[in-house]
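Please open the structure in your viewer and keep the sequence panel beside it, as this tour moves from one selection to the next and says what is to be found at each stop.

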Amino acid sequence: MRQRFADVLGERVIEVRESRMLRDHPVRLATPEGQLDRNMQRVYRMLDQDVDAPRRILELNRNHPLIGNLAAWIGTDPSAPVIDQVVEQLYENALLLDGLHPNPAEMVSRIQSLMEAATRRAE
């Protein structure tokens, strides 16, 4: 599971690890020591300083139903293309929650694609 996230996200994250802090959310972005925290990143964005989405540590909540369902899906059908879309969306959701997403409108087509897949799977 962690390796799949790392493979999909590549250089956008420093590492993927299990979280010991998360309770209600499936993922979070942790700031590695020595980097600007999310609040300082937001300040730079408000000042119109060009700041790329920071490389963070992605933490997974193995107890969250979404992560559990995704792990099961990877176990039964690892080649399903929607898995990588879910990984991308979880990462971008974390960026959005931290106020660091450079262009949230880019997520719309993926969200629609995921909703299509969810409704097909429900049939």
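Begin by selecting R12, which is found in the loop between α1 and β1; helices (H or I, at least four residues) and strands (E, at least two) are DSSP runs, numbered from the N terminus. Before going further, please note that this is a predicted model, in which local features need pLDDT of at least 70 and side-chain atom pairs count only at pLDDT 80 or more, while totals for chains, interfaces and linings use all residues. Residues are numbered from 1 along each chain as its sequence is written, and side-chain values use heavy atoms, with hydrogens and water left out.

With R12 still selected, you can ask how much of this residue is open to the outside: R12 counts as partly exposed because its relative accessibility is 30%, where buried means under 20% relative accessible area, exposed over 50%, and partly exposed in between (1.4 Å probe, protein chains only). Now show the side chain of R12, which reaches the backbone oxygen of V8 at 3.2 Å. This is a polar contact, that is, a pair of N or O atoms within 3.5 Å; within protein, one must be able to donate a hydrogen and the other to accept it, and residues adjacent in sequence count only if both atoms are side-chain atoms.

Add R55 to the selection: the C-alpha atoms of R12 and R55 are separated by 5.3 Å, although the two residues are 43 residues apart along the chain. If neighbours within four places in sequence are left aside, R12 is in contact with P54, R55, R56, E88 and Y91, contact meaning heavy atoms within 4.5 Å.

Next, zoom out and colour the chain by secondary structure. The chain holds 5 helices and 3 strands, and from the N terminus on its elements run α-β-β-α-β-α-α-α. Of the 123 residues in the chain, 37% are buried.

Now select the strands, which form an open sheet of 3 strands in the order β1-β3-β2, with mixed pairing. Because β1 (13-18) and β2 (27-30) stand at the edges, each with a single partner strand, one side of each is left without a neighbour in the sheet. Neighbouring strands of this sheet are turned by 25 degrees against each other on average, direction ignored; axes are lines fitted to C-alpha atoms, for helices over the stretch in contact, and angles run from 0 to 180 degrees between N-to-C directions.

Which way do the partners run? β1 and β3 pair in the parallel sense over 5 bridges, whereas β2 and β3 (residues 56-60) run antiparallel and are joined by 4 bridges; two strands pair if DSSP finds at least two bridges between them. To see the partners one by one, select R17, which stands opposite E59 in β3, then L29, which stands opposite L58 in β3, and V27, which stands opposite L60 in β3. The strand β3 is mostly covered, with 5 of its 5 residues buried.

Stay in strand β3 and select E59, whose place is there. E59 counts as buried, as its relative accessibility is 5%. Its side chain makes a polar contact of 2.8 Å with the side chain of R17, and another polar contact, of 2.7 Å, joins the side chains of E59 and R28. Leaving aside neighbours within four places in sequence, the residues in contact with E59 include S19, L22, P26, V27 and A30.

Turn next to helix α1 (residues 2-9), which packs on the sheet, touching β1 and β3, and whose direction makes about 165 degrees with that of β1. Then add helix α4 (residues 81-97): the axes of α1 and α4 come within 10 Å and cross at roughly 80 degrees. That makes α1 roughly perpendicular to α4, a description used for angles of 65 to 115 degrees, while those under 35 count as roughly parallel, those over 145 as roughly antiparallel and the rest as oblique. To see where the helices meet, show R4, F5, V8 and L9 of α1 together with I83, D84, V87, E88, L90 and Y91 of α4.

For the last stop, select Q89, which lies in helix α4 and is buried, with a relative accessible area of 7%. Not counting residues up to four places away in sequence, Q89 touches M107, R110, I111 and L114.
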